[in-house]
Amino acid sequence: MEGIARWFMLAAVVSALGGMVWGIQMSARQDHLLSPAHGHLNLLGWVSCSIYAFYYHLLPAAAGGVLPRLHLGTALLALALLVPGIPLAIQERGEGLAQAGSVAALLSMLIFAAVVLRHRPEKAVFARQKGH
C-alpha cells in the first residue's frame, strides 16, 4: 500500500489505537460520558479511513489528482475537529468545533462520492483469473 491509500491506512491505525486506549481508560474509570467522541474516533477514524485506504489501493487510478488529496485533508480535519469538539459540546463549553467537524466530515464524504463517481474500474477488481 502506498500513496494516498497508505496515508489513509496510517490515519486508520492511529485512530484505532487511540480509540482502544481511550475505551480502556473510560472502562477503568467507569466514566463513559465521552463515549460519543470515542465512537466517532472509531467510526470516522478507524472504519471510514480504512475503507478509503482499501478503495484507493484497489483502484489506484482513483488515487491520483487533487480530489483524493483534498479528501484526505478534509477527512483528517473532520477528525481533528470532531474528536475534541464532541467532548466540548457534551460539557456545554461550546458546539462550534463539533459543528465544524460535522461539516468537514460531510464535505469529506461528498468529495469521496465524487471520486467514486469519476472512477469506474475497467474490469472487476476481484475477477477470477484463468487457472484459479
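Begin by selecting Gln30, which lies just after helix H1 and takes a positive phi of about 50°. The model on the screen is a predicted one.

**Helix H1**

From Gln30, step back along the helix that precedes this residue. Helix H1 covers residues 3-29. Its 27 residues should span 39 Å at 1.5 Å a residue, and the distance between its end C-alpha atoms is 39 Å, so expectation and model agree. Next, colour the buried residues of H1: Ile4, Ala5, Phe8, Met9, Ala11, Ala12, Ser15, Ala16, Gly19, Trp22, Gly23 and Met26. Display H2 and H3 as well, since both are included in what covers these buried residues.

**The whole chain**

Zoom out to view the complete fold. The chain has four helices and zero strands, and its pattern along the sequence reads α-α-α-α. The C-alpha trace spans about 55 × 30 × 20 Å along its principal axes. Of the 132 residues, 35% count as buried. Among contacts between residues at least 6 apart in sequence, 70% join residues at least 24 apart.

Switch to a surface representation. The chain exposes about 8400 Å², of which carbon and sulfur atoms supply 66%. If the charged residues are then coloured by sign, the mean positions of the 9 positive and 5 negative charges lie 17 Å apart.

**The nonpolar core**

Return to side chains and select Phe8, Trp22, Cys49, Tyr55, Tyr56 and Ala62. Of the 29 residues in the largest nonpolar core, these six touch the most other members. H1, H2, H3 and H4 each supply at least two residues of this core, and the largest share, eight residues, comes from H1.

Which residues does Phe8 contact, leaving aside its neighbours within four places in sequence? Centre the view on Phe8 and show Cys49, Tyr52, Ala53, Tyr56, His71, Leu72 and Ala75, each of which is in contact with it.

**His71 and Leu70 in helix H3**

Move next to His71, one of the contacts of Phe8, which lies in helix H3. Is His71 buried or exposed? His71 has a relative accessible area of 0% and is therefore buried. Not counting residues up to four places away in sequence, His71 touches Phe8, Tyr52, Tyr56, Ser108, Ile111 and Phe112.

Now select Leu70, also placed in helix H3. With a relative accessible area of 43%, Leu70 is partly exposed. A distance drawn from Leu70 to Ala53, C-alpha to C-alpha, reads 14 Å in space, for a separation of 17 residues in sequence.

**Ser50 in helix H2**

Continue to Ser50, found in helix H2. Ser50 counts as buried because its relative accessibility is 9%, under the 20% cut-off. Its contacts, with residues up to four places away in sequence set aside, are Met9, Ala12 and Gly45.

**Helix H4**

The last stop is helix H4, residues 96-118. How many residues does H4 have, and what span should they give? H4 has 23 residues, which should span 33 Å at 1.5 Å a residue; the end C-alpha atoms are 33 Å apart, so the two values agree. Highlight the buried residues of H4, namely Ala98, Gly101, Ala104, Ala105, Ser108, Ile111, Phe112 and Val115. They pack against helix H2 (35-58) and helix H3 (66-90). Ser108, Ile111 and Phe112 have appeared before in this tour, among the residues that His71 touches.

Notes: Residues numbered from 1 in each chain as written. Predicted model: local features only at pLDDT ≥ 70, side-chain atom pairs only at ≥ 80, totals over all residues. Heavy atoms only, no water. Expected span 1.5 Å × (residues − 1). Buried < 20%, exposed > 50% of the residue type's maximum accessible area, 1.4 Å probe, protein only. Contact = heavy atoms within 4.5 Å. Core = buried A, V, L, I, M, F, W, Y, C linked by side-chain atoms within 4.5 Å. Areas by Shrake-Rupley, 256 points an atom, 1.4 Å probe, with all protein chains shown as cover. Lys, Arg positive; Asp, Glu negative; His and termini not counted. Charge placed at Lys NZ, Arg CZ, Asp CG, Glu CD.
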